[in-house]
Amino acid sequence: MEKTPFIDIREIRKSFDGGKNMAVDCLSLAIYKGQTVGLIGADGAGKSTLLRLLAGLLLPDGGSIFIDGKETKAGRKPPVTIGYMPQKFGLYEDLTVRENLEFYAALKHVDAEFDNMLDFAGLSPFQNRSAGKLSGGMKQKLGLICALLGNPELLLLDEPSVGVDPVSRRELLKMVKESTKGQTTVIWSTAYMDEAHGFDVAAVVDRGRTVFVGRPTDLAPDSRGFEEKIIELAGGWQKKESAVAKKFVMPDNSCDYPVEALHLVKNYGSFCAVKDNNLKIRKGEIYGLLGPNGAGKSTSFKMMCGLARPTSGTARIMGIDIVKNASAARAHLGYMAQKFSLYPNLSVRQNLDFFAGAYGLGGHRAMLAVGRMIEIFGFRPCLNDNAADLPLGYKQRLSLACAVMHNPPVLFLDEPTSGVDVITRREFWNHITALAQKGVTVLITTHFMDEAEYCDRISLFFRGRTIAAGTPAELCRQTATDSLESAFAAAILAQEEQPA
């Protein structure tokens with residue numbers, strides 16, 4: 001390894017809002033050529049700002065950035081070729097997979113062999129499909145190969161695997177390592193500790209500064225221990241009584257199975273998204289629905305809460321048929337969508353007020369419910385901020401607040417912690433487990449295997465149907481593996497070897 005850093009960041013600073021918000025604060029970091037560096041930290045720690053500074057999209061307020069021995073300056077061409085994939089990579093959803101590649105190649109003025117790239121990413125069978133109809137994992141793969149166009153010397157990836165299942169995450173990291181072959185320097189920010197533990201170097205950022213730089217194994221020998229160390233470096237987290245559950249008033253009901261799916265089927269033309277889905281969830285149970293992107297989990301969610309009409313079959317919420325009486329069934333349900341589904345141009349307060357009314361709370365009851373959510377989730381400093389301008393962690397808190405404010409006996413949570421940091425995830429699960437202990441029935445999807453361990457039972461979903469079900473321990477026994485992540489991968493890979 002060369003002694004001179006390929007990237008030499010020297011005490012850079014970057015603030016916003018006239019200096020009120022210090023995003024990067026005297027941060028220094030040395031990165032050597034060919035390294036794959038994982039950038040880890042909480043929401044608002046400064047990771048995205050740092051990547052944008054390296055990409056030349058922002059200029060530092062102070063300090064210096066040297067890349068390949070040359071200082072980056074305003075108006076100066078970057079000293080090396082850079083591939084950059086932001087959190088919301090700008091794919092054109094109305095263009096096909098191949099047309100997106102052609103467009104980005106033209107923007108970068110590079111010639112590329114698209115057939116090889118599509119084969120490499122496993123997208124050849126889908127090259128004529130519009131990007132908007134791809135699964136989450138496929139979109140991320142397409143975004144990645146667009147960023148790799150031109151063989152950049154520096155590859156900046158801002159949470160490229162957010163919302164992607166464990167199998168696809170492994171494929172993304174394998175794609176990067178095989179395509180760069182140690183010649184490209186990669187900086188990859190992530191919220192997944194299993195992923196972060198596999199990089200050459202981990203750079204932990206907290207409040208705009210690096211608090212650890214080194215090999216992940218120097219911090220902890222495995223991903224679970226790594227997560228604990230990250231939490232410790234970020235100030236720690238101590239379990240406490242859930243304020244959401246403490247003030248939650250459980251409705252009086254005697255339904256043994258508050259959630260039931262009965263032979264649910266959903267077809268889109270000739271494509272069958274969900275095939276004969278059946279399940280029964282007990283009162284107070286946390287039931288996990290796991291599966292790769294595009295497996296049909298979110299479609300099942302939407303049918304079961306009345307947002308999509310089944311092709312056949314039905315679901316019952318608190319014993320009420322969702323097809324025959326959707327409004328009555330939904331009154332017992334709190335729903336948090338996979339993508340941020342609140343009103344981005346309304347303030348935090350306006351969103352809370354709106355959803356209080358939408359859930360049938362009026363007058364004094366609405367005022368009390370909204371006030372309770374403001375207090376529990378600490379919204380007071382950002383009450384007048386538009387939802388679109390909130391950090392991701394606060395967006396997810398606002399979504400959860402809107403889902404629980406009417407004390408529903410059933411909660412549907414579709415990837416509620418996708419992309420948020422480890423401390424925020426701990427807070428969310430503290431609320432979820434405490435609500436379940438009070439008798440709330442929870443159906444949840446997640447791509448974090450450590451989160452799936454919190455579930456009482458799990459259904460592994462693939463190609464629209466359940467391929468395995470049971471407790472986490474039972475799934476490990478069924479697949480002869482020693483971890484839930486390995487069980488997930490083994491079950492999916494076994495099914496992929498079979499005809500669709």
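Salt bridges come to 20 in this structure, which is a predicted model. Two of them are listed here, each with the gap between its closest N and O atoms.

| Salt bridge | Closest N and O atoms |
|---|---|
| Asp-61 with Lys-14 | 3.6 Å apart |
| Arg-425 with Glu-227 | 3.1 Å apart |

Take the pair of Asp-61 and Lys-14. Asp-61 sits in the loop between α1 (47–55) and β4 (62–67), while Lys-14 belongs to strand β1 (residues 7–16), so this salt bridge ties together parts that lie 47 residues apart in sequence.

**Two domains**

The other listed pair leads to the domains. Domain 1 covers 7–233. Domain 2 is built from two stretches, 243–332 and 408–497. Glu-227 therefore falls within the bounds of domain 1, and Arg-425 within those of domain 2, by the automatic or database domain assignment. Measured by position alone, the C-alpha centres of the two domains are 31 Å apart. 

**Where the domains meet**

How many residues are in contact? On the domain 1 side there are 25, and they touch 23 residues of domain 2. About 1900 Å² is buried between domain 1 and domain 2. Carbon and sulfur atoms give 54% of that area.

Polar links join the domains too. Between domain 1 and domain 2 there are 3 salt bridges. There are also 3 residue pairs in polar contact, with both residues at pLDDT 80 or more.

Which elements give two or more residues to the side of domain 1 that touches domain 2? They are α4 (136–148), α5 (166–180), α6 (193–196) and α8 (223–233). By class, that side of domain 1 has 10 nonpolar, 6 polar and 9 charged residues.

**Aromatic pairs**

Across the whole structure, a search finds 11 aromatic pairs. One of them is formed by Tyr-92 and Phe-103. Their ring centres lie 4.9 Å apart, with 70° between the planes. Is this pair stacked or edge-to-face? The pair is edge-to-face, because planes over 60 degrees apart count as such.

Tyr-92 is in the loop between β6 (82–85) and α2 (97–108). Phe-103 is in helix α2. The two residues are 11 residues apart, and the pair links distant parts of the chain.

Technical notes: Residues numbered from 1 in each chain as written. Predicted model: local features only at pLDDT ≥ 70, side-chain atom pairs only at ≥ 80, totals over all residues. Heavy atoms only, no water. Contact = heavy atoms within 4.5 Å. Buried area = accessible area lost by both parts, 1.4 Å probe. Salt bridge = Lys/Arg side-chain N within 4 Å of Asp/Glu carboxyl O. Polar contact = N/O pair within 3.5 Å; in protein donor to acceptor, adjacent residues only side chain to side chain. Helix = DSSP H or I, 4+ residues; strand = E, 2+ residues; numbered from the N terminus. Nonpolar A, V, L, I, M, F, W, Y, C, P; charged D, E, K, R; others polar. Phe/Tyr/Trp six-rings, centres within 6.5 Å; stacked < 30°, edge-to-face > 60°.
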